[in-house]
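Hi,

Here is the structure I promised to pass on. Have a look at it first, and then read my notes underneath.

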Amino acid sequence: MAVVGYLGKSSREGIIFSVSDDVVLTLENFKWSGSARYSVHNRHNYHALTEYTGMDPDKITFEIQLLIEHGVNPLEQVVKLWTYEREGIALALTIGTKCYGKYRWNIVSHEMTAKYTDRNGDIAGATVSVTLQEYLRT
């Protein structure tokens, strides 16, 4: 199995992105964004002044295809994401040889779209959209 990255506390647990004959779990539509903050100071009968006040935390969004025929249990992976989000756990994000961000990330939201179920009604295919926000040490 070729591990191509992970989102978790370590490379041994969490959401492990991998490709092999038995398992395919990779990212799609990966987006990394950042922004700065500015204050606008209005002045009577004159142009307003802008002042740089700092950086907002970076955000990363991506989608994951969770398909049972690719060796992935969709509900098991969504429960991991849900737990990390609800418990506010700061997670490392590594893809390939790159560790993203200055420190860690928090899952601020996720959205699962079930594509289909098996004959018992269990989710067998789903797409999960994940939004991470940079978590910096103080």
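Let's start with a pair of strands: β7 and β11 run antiparallel and are joined by nine bridges. If you want one spot to click on, try Ile60, whose bridge partner in β11 is Leu132. Before going on, keep in mind that this is a predicted model.

β7 has another partner too. Strand β4 (residues 27-33) pairs with β7, again in the antiparallel sense, over five bridges. There, Trp32 stands opposite Ile60.

Now for the inside. The largest nonpolar core has 21 residues, and Leu7, Leu93, Ile107 and Leu132 are those with the most contacts inside it. At least two residues of this core come from each of β2 (15-19), β7 (59-67), α1 (74-87), β10 (104-117) and β11 (123-135). Which element gives the largest share? That would be β7, with four residues. Leu93 is a nice one to zoom in on: leaving aside its neighbours within four places in sequence, Leu93 is in contact with ten residues you can pick out yourself, including Tyr6, Phe17, Phe30, Ile60, Trp105 and Leu132.

There's also an open sheet of five strands, with antiparallel pairing, in the order β3-β2-β1-β8-β9. Its edge strands, β3 (24-25) and β9 (98-99), each pair on one side only. Two bridges hold the β2 and β3 pairing, and one match to look for is Val19 with its bridge partner Val24 in β3.

Next, charges. Side chains of opposite charge can pair when their charged atoms come close. How many salt bridges turn up in a search of the whole structure? Two. In one of them, the side chains of Arg37 and Asp56 meet at 3.2 Å, N to O. That pair links distant parts of the chain, 19 residues apart: Arg37 is in strand β5, while Asp56 is in the loop between β6 (46-55) and β7. Arg37 is partly exposed at 35% relative accessible area, and Asp56 is partly exposed as well, at 26%.

In the other, Arg86 and Glu85 meet through their side chains at 2.8 Å, N to O. Is Glu85 buried or exposed? With 18% relative accessibility, Glu85 counts as buried, because the cut-off for buried is under 20%. Arg86, at 49%, is partly exposed.

Last, the surface. Tyr38, Tyr52 and Met55 make a nonpolar patch of about 370 Å². Tyr38 lies in strand β5 (residues 36-43) and is exposed, at 54% relative accessible area.

Cheers

Technical notes. Residues numbered from 1 in each chain as written. Predicted model: local features only at pLDDT ≥ 70, side-chain atom pairs only at ≥ 80, totals over all residues. Heavy atoms only, no water. Patch = residues over 30% accessible without salt bridge, like charges linked within 9 Å, V, L, I, M, F, W, Y side chains within 5 Å. Areas by Shrake-Rupley, 256 points an atom, 1.4 Å probe, with all protein chains shown as cover. Salt bridge = Lys/Arg side-chain N within 4 Å of Asp/Glu carboxyl O. Buried < 20%, exposed > 50% of the residue type's maximum accessible area, 1.4 Å probe, protein only. Core = buried A, V, L, I, M, F, W, Y, C linked by side-chain atoms within 4.5 Å. Contact = heavy atoms within 4.5 Å. Pairing = 2+ DSSP bridges.
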